[in-house]
Amino acid sequence: MTQTQIIGTDNPLNDDHRRILAIVLDLIVPASEDGQRPSAADVDVLGYIRETEGHTLDGLRAELDQLDAEAFESQGEAFASLDPATRQALVDAVREREPHFMRTLAMQTVTCYYRDDRVLEAIGVGARPPFPEGYEVPSGDLSLLEPVRRRGQIYREA
Amino acid sequence: MADEVVDVLIVGAGASGAAVAWSLAETRMRIVCLEQGGWMNPAEYPSNGRDWERRAAKEMQVSPNLRKRPADYPINDDDSPIAILNFNAVGGSTILYSAHFPRFHPSDFRVKSLDGVADDWPIDYATLEPFFAENDNNIGVAGLAGDPAVPAHRPPLPHLPMGRMGETMGRGFNKLGWHWWPSDSAIITRPHNGRGQCLNLGPCNTGCAQGAKSSADIAYWPMNERAGVELRTHCRVREITVDNRDMATGVTYFDADGNERHQRAEVVVVACNGVGTPRLLLNSTSARFPNGLANRSGLVGRNLMLHPWGAVAGYFDEPLGSNFGPQGCCILSQEFYETDTSRGFVRGYNMQITRGGPPVGTARGGIAHGTIPWGAGHHDAFDRLFGRNIHLGICCEDLPEEHNRVTLDPELTDSNGIPSPKISYTLSENSRRMLDHGLARGAEAMEAAGAWKIQKAPSPIRMAGWHLLGTARMGTDPERSVVNEWGRSHDVRNLFIVDGSVFVTSGGVNPTTTIQAVALYIADSMKRRLAELFD
């Protein structure tokens with residue numbers, strides 16, 4: 001048993017798991033080309049999962065193990081050792097075969113990703129919660145209602 | 001306290017109970033309201049924090065069966081394609097409502113006369129008009145006068161911003177020659193009664209941190225308590241008690257510590273919504289009312305109407321800022337509200353234009369539907385959806401059918417051991433056709449507005465059973481109704497029902513403004529008849 005497994009409640013994934021997870025997170029949401037948005041691997045997705053959905057960690061660990069096992073089986077090496085194109089092809093193949101594979105992780109990833117300051121700034125909502133600043137919304141052009149006014153009453157008298 | 005007889009005992013502090021309490025308070029009668037939930041704290045609503053979307057999905061879950069707050073009671077809705085949604089707290093389901101606030105039409109009260117289906121109400125639009133206005137002023141309704149789809153009225157506050165998305169849909173409706181209008185909204189756009197105006201936070205339907213949304217806890221209860229109404233929270237009523245003269249004597253309830261108590265009252269007012277009210281009446285059995293209180297007609301719990309809901313989403317090329325603004329309030333179209341039998345159904349529906357999804361919601365939806373891929377295409381796909389999508393809700397009038405009903409579940413109970421409601425509901429052929437028509441017209445509207453992608457959700461939407469109506473209907477015939485034309489039980493002369501249960505038909509719009517107008521009308525009727533209230 002390794003040191004990381006002994007303190008498993010604080011470190012739910014061992015180093016191998018973490019290396020695979022970082023690769024997968026980057027496959028789900030890579031950094032944007034303009035550099036404005038980080039890779040999901042640079043966002044603390046694991047911390048988020050531990051904080052909010054710790055009960056899913058066993059499933060995540062099993063999926064990471066499955067990826068590694070499939071890498072050994074098909075390529076003869078660990079998943080983390082594969083070149084990027086082979087990793088991508090392997091993940092695509094598993095997802096094609098098992099549509100729900102890592103679906104929970106993908107949902108958790110975007111849930112965590114889209115609360116990151118850098119991401120929220122980049123998509124224009126600001127690195128803050130809605131309250132108390134709120135947002136500006138244009139009132140709208142009421143002259144567009146002119147055809148509706150001209151048509152007149154449409155409800156039935158009763 | 002236990003032996004004290006209060007003048008009026010109201011069960012439920014939601015939309016209708018709050019309005020009735022406000023109206024009756026001027027009589028200086030001793031009024032007590034029992035509410036099974038507690039006060040919500042707007043400082044704790046999700047939109048105060050960064051993780052608001054995740055928190056909203058869990059803590060402010062719309063289904064009590066999933067939310068499981070201590071104040072919630074389970075509801076067996078397995079036998080219904082539409083789940084029952086509610087919120088249990090001071091303010092009731094208005095804590096989570098979107099505050100879209102369109103009024104019923106005059107024709108909604110004359111369904112039988114005009115269209116040959118269901119029944120006419122014993123009251124009409126003109127009767128309720130002053131109470132619509134009173135409620136609008138009390139809570140602060142925003143809107144634009146002149147909507148030709150409803151009788152003239154002047155909302156007290158300026159309309160909410162339509163934004164570019166509202167203009168886009170407006171142009172689409174104009175292209176088709178269809179009606180549209182900025183919707184009346186129970187959201188204040190100017191300071192009102194000491195409350196701050198809307199800041200366009202967005203997620204009104206997860207609780208308004210600003211307090212601009214006129215949920216009943218904020219809009220009514222401060223006034224009620226200043227006027228002397230006593231509100232007891234965390235008090236869950238088990239049954240209404242009666243004497244051998246068929247008069248209500250009070251209620252038995254569990255207090256916050258789980259102690260069983262009895263509160264005596266001269267008048268009992270039930271305001272627990274279209275599921276909670278029949279549940280309470282059916283749980284109130286006695287030798288004189290073996291089938292439930294006020295149920296000699298056998299209609300308590302029957303004629304449940306739920307507003308089957310359809311949804312269409314449109315995606316646009318240009319940025320619309322559609323992720324900003326009050327989630328459920330923008331514009332509406334009532335082009336297909338009034339009956340036209342050439343459409344293949346009677347009655348009609350409202351089209352409610354709602355804002356686009358927030359960041360996490362957009363991303364999760366995109367992942368789930370395959371419109372946002374993993375990998376290099378993620379950001380472009382997200383950008384193509386976020387702030388550029390518009391949603392259209394179709395609120396179908398649901399006609400009353402006796403087999404659609406609330407009964408008591410033989411096994412399920414709440415945390416106090418009180419039997420829970422069981423829902424039996426099927427979608428009628430008329431509603432099915434109406435939904436299909438609405439989905440097709442919704443898609444047509446999106447296309448006219450310029451959407452490059454249009455998605456019609458499988459409908460009826462299951463998680464859309466907010467509008468709980470008809471289960472203790474109003475009427476002049478005791479054989480065919482539960483309460484009379486001013487809300488008093490035919491069977492129990494000091495028992496009043498003031499929530500959506502008394503609706504004879506459901507209209508095709510979100511009902512809260514009409515629920516509160518009816519509640520204020522009933523309270524006014526009580527005040528006018530105080531000397532002969534029980535005659």
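Modeller: Let's start with a word we'll need: a residue is buried if 20 or more other C-beta atoms lie within 10 Å of its own. This is a predicted model, by the way.

Biologist: Fine, how many of the 158 residues in chain A pass as buried?

Modeller: Buried residues make up 28% of chain A.

Biologist: What makes α6(A) "mostly covered"?

Modeller: Count along the helix: 8 of its 11 residues are buried. Each of those has 20 or more other C-beta atoms within 10 Å, so the label fits. They are L105(A), A106(A), Q108(A), T109(A), V110(A), T111(A), C112(A) and Y113(A).

Biologist: What do the buried residues of α6(A) pack against?

Modeller: In chain A, they pack against α2, α3 (45-52), α4 (57-75) and α7 (117-122). From chain B, α2 (52-59) and α10 join in.

Biologist: Which elements does chain A have, helices or strands?

Modeller: Chain A has 8 helices and 0 strands.

Biologist: How do you know whether the radius of gyration of chain A fits a compact globule?

Modeller: Set the two values side by side: a compact globule of 158 residues would come out near 15 Å, but chain A has 23 Å. Chain A doesn't match the globule rule, then. Its C-alpha trace spans about 80 × 40 × 35 Å along the principal axes.

Biologist: What makes residues of chain A and chain B count as "in contact"?

Modeller: Their C-beta atoms must lie within 7 Å. By that cut-off, 39 residues of chain A are in contact with 52 residues of chain B. On the chain A side, α2 (15-28), α6 (103-113) and α8 (146-151) each supply at least two residues.

Biologist: How do the residues on that side of chain A divide by type?

Modeller: There are 24 nonpolar, 8 polar and 7 charged.

Biologist: Over in chain B, why is the crossing of α10(B) and α11(B) called right-handed?

Modeller: The near helix is turned clockwise from the far one, so the crossing goes down as right-handed. Helix α10 (residues 359-369) and helix α11 (residues 378-385) of chain B pack at an angle of about 115°, with their axes 10 Å apart.

Biologist: Which residues meet there?

Modeller: T362(B), A363(B) and G366(B) in α10(B) meet A381(B), F382(B) and L385(B) in α11(B). That contact has 4 nonpolar residues, 2 polar and no charged. Gly counts as polar, so G366(B) goes in the polar group.

Methods. Residues numbered from 1 in each chain as written. Chains lettered and ligands numbered in written order. Predicted model: local features only at pLDDT ≥ 70, side-chain atom pairs only at ≥ 80, totals over all residues. Helix = DSSP H or I, 4+ residues; strand = E, 2+ residues; numbered from the N terminus. Rg over C-alpha atoms; globule rule 2.2 N^0.38 Å. Buried ≥ 20, exposed ≤ 12 C-beta atoms within 10 Å, placed from the backbone. Axes fitted to C-alpha atoms, helices over the stretch in contact; angles between N-to-C directions. Contact = placed C-beta atoms within 7 Å.
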